[in-house]
Amino acid sequence: MRLLSAKSAVLAIVIFLSNIFFINAGGVEQPQNIYLAANGDDRGDGSAQRPFLTLKKAHAAVAAIYKLRPDAHVQVFIRGGVYYGQTLVWTAVPRAGSLIIRGYGSTKPVFDGRAHANAAVGSTVSLLSLRPAKAGQYNITVSHLRLQNYLEGIDLIAPSRDMITQGISGLVLEHLEFYKIGSEHAAVLDATGKRRAGLAAIRMVNVKQSQFRYNDFKDLYNLGRSGGSQHAYYAAHYSSNNTFYGNRFIRNLSGHAIKIRDFSNDNLIHYNYFEAVTPTALQIWHCEKKDRSDCTKAGLGESRSYNTKETKNIYINTEKYSVFKERVGQNNPLPYPGGVYDFIKDGATYLRYIVRSQLNGRTLVGICERANDCISSTARCYKDQSGTQNHKCEKGNWVAR
């Protein structure tokens, strides 16, 4: 059978997608579903029966949908399995509708930055770089994926880092796993042939009013002390009013778990778990042009960030806050006076566990005495194998009796 030309294949996908929009009895448009599978084929149509293989192909299909219907509600469902070497700049975003990219099934799909299963390390910078062309509020969720062997993970980049009004908002990243992220796990060379250092598992530029919750970061590391800082979250350049909730950071050994930079204000950090994070769990920083020559932002440069609030976090073998310092050149640290960053601290010490329990499709988060406890909707802790009349706790999650 003769294969379709590229133009004909795209046209077929557009016709397929346009034909399966439908309105339910209540007059509400139902989401359009696109499917990926590790054994899929990009010559398919993205249906459940003929899923795509790559995010690149899914992106083309989503772009075609939004071209026809900017207010469409689109869901990209990714089946379990291992997807090697995928990377994508994602620009197809809804203006009035919504976009969900999520794994589904009994196990999370794994995106592996290696070219194939026998490669020693990854060779790819990041899985996704979300870059809307216009500023504004977007209803976008990325969830239930595992990323491993990438230099970085997911970038969320607004149209401008210099104009505070050119930000993006309304994003949700949840139930993601980042494992073995950094230059120890991915060999990516710069223009001089030197192995690049990673910057962050999730990097934000001018991202506001977004939710980052229930994500796990484990074994983030750049090679050597001179390899640069590999952070879990890096919220920079007007990234304000975001919430970091119910995350776990374990063995993040060459960067801060959460770094906040350049007038990124009113961020809330609570109910997170930090274990063996180096140098510290939290840092607030900006590049001061009057004190150093390597700042890159034009004009007046960067500003301090204010009103960062941390509450009910747990720190195990981890320093809570960095010593806030700027430097001149390489060797002249200049500590600023305490308090100039206006870090609002909890002050309490918690020596227990952050637990995340599933109940009727909801994720409940709380602090309990035992790692296998379940947390209820009223923040009460139940031991493993105990529970209520209708639900039983089984190793951190609720099951119906």
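I took helices (H or I, at least four residues) and strands (E, at least two) as DSSP runs, numbered from the N terminus. On that basis I find two helices and 34 strands in the chain. I note that this is a predicted model, in which local features need pLDDT of at least 70 and side-chain atom pairs count only at pLDDT 80 or more, while totals for chains, interfaces and linings use all residues. Residues are numbered from 1 along each chain as its sequence is written, and side-chain values use heavy atoms, with hydrogens and water left out.

**The chain as a whole**

I looked up burial, where buried means under 20% relative accessible area, exposed over 50% and partly exposed in between (1.4 Å probe, protein chains only), and buried residues make up 51% of the 401 residues. Taking contact as heavy atoms within 4.5 Å, I see that residues 24 or more positions apart account for 73% of the contacts with a separation of 6 or more.

**The parallel sheet**

Two strands pair if DSSP finds at least two bridges between them, and with this rule I traced an open sheet of seven strands in the order S4-S7-S10-S13-S17-S20-S23, with parallel pairing. S4 and strand S23 (282-285) stand at the edges with a single partner strand each, so one side of each is left without a neighbour in the sheet. For directions I used axes that are lines fitted to C-alpha atoms, for helices over the stretch in contact, with angles from 0 to 180 degrees between N-to-C directions. Neighbouring strands of this sheet are turned by 10° against each other on average, direction ignored. Helix H2 (residues 55-68) packs on the sheet, where it touches S4 and strand S7 (128-130), and its direction makes about 20° with that of S4. Within the sheet I also followed strand S13 (residues 200-205), which runs parallel to strand S17 (residues 231-236) and is joined to it by five bridges; Ile 202 stands opposite Tyr 233 in S17.

**Aromatic pairs**

Rings of Phe, Tyr and Trp (its six-membered ring) pair if their centres lie within 6.5 Å, and planes under 30 degrees apart count as stacked, over 60 as edge-to-face and the rest as tilted. By this rule I get 17 aromatic pairs. Tyr 233 and Phe 249 have ring centres 6.0 Å apart and planes at 70°, so this pair is edge-to-face. The pair links distant parts of the chain, with Tyr 233 in strand S17 and Phe 249 in strand S19 (residues 248-252), 16 residues apart, and both residues are buried. Phe 274 and Tyr 315 are stacked, because their ring centres lie 5.0 Å apart and their planes are at 5°. Both Phe 274 and Tyr 315 are buried, and I find these four residues in one aromatic cluster that also includes Phe 178 and Phe 212.

**Two loop residues**

I then turned to Gln 86, in the loop between strand S3 (82-84) and strand S4 (88-90), which is buried with a relative accessible area of 10%. A polar atom of its side chain lies 3.1 Å from the backbone oxygen of Leu 53. Leaving aside neighbours within four places in sequence, Gln 86 is in contact with residues including Leu 53, Phe 111, Thr 124 and Tyr 150.

Pro 51 has its place in the loop between strand S1 (32-36) and H2, and at 10% relative accessibility Pro 51 counts as buried. Not counting residues up to four places away in sequence, Pro 51 touches several residues, among them Tyr 35, Gly 40 and Arg 79.

Methods
Polar contact = N/O pair within 3.5 Å; in protein donor to acceptor, adjacent residues only side chain to side chain.
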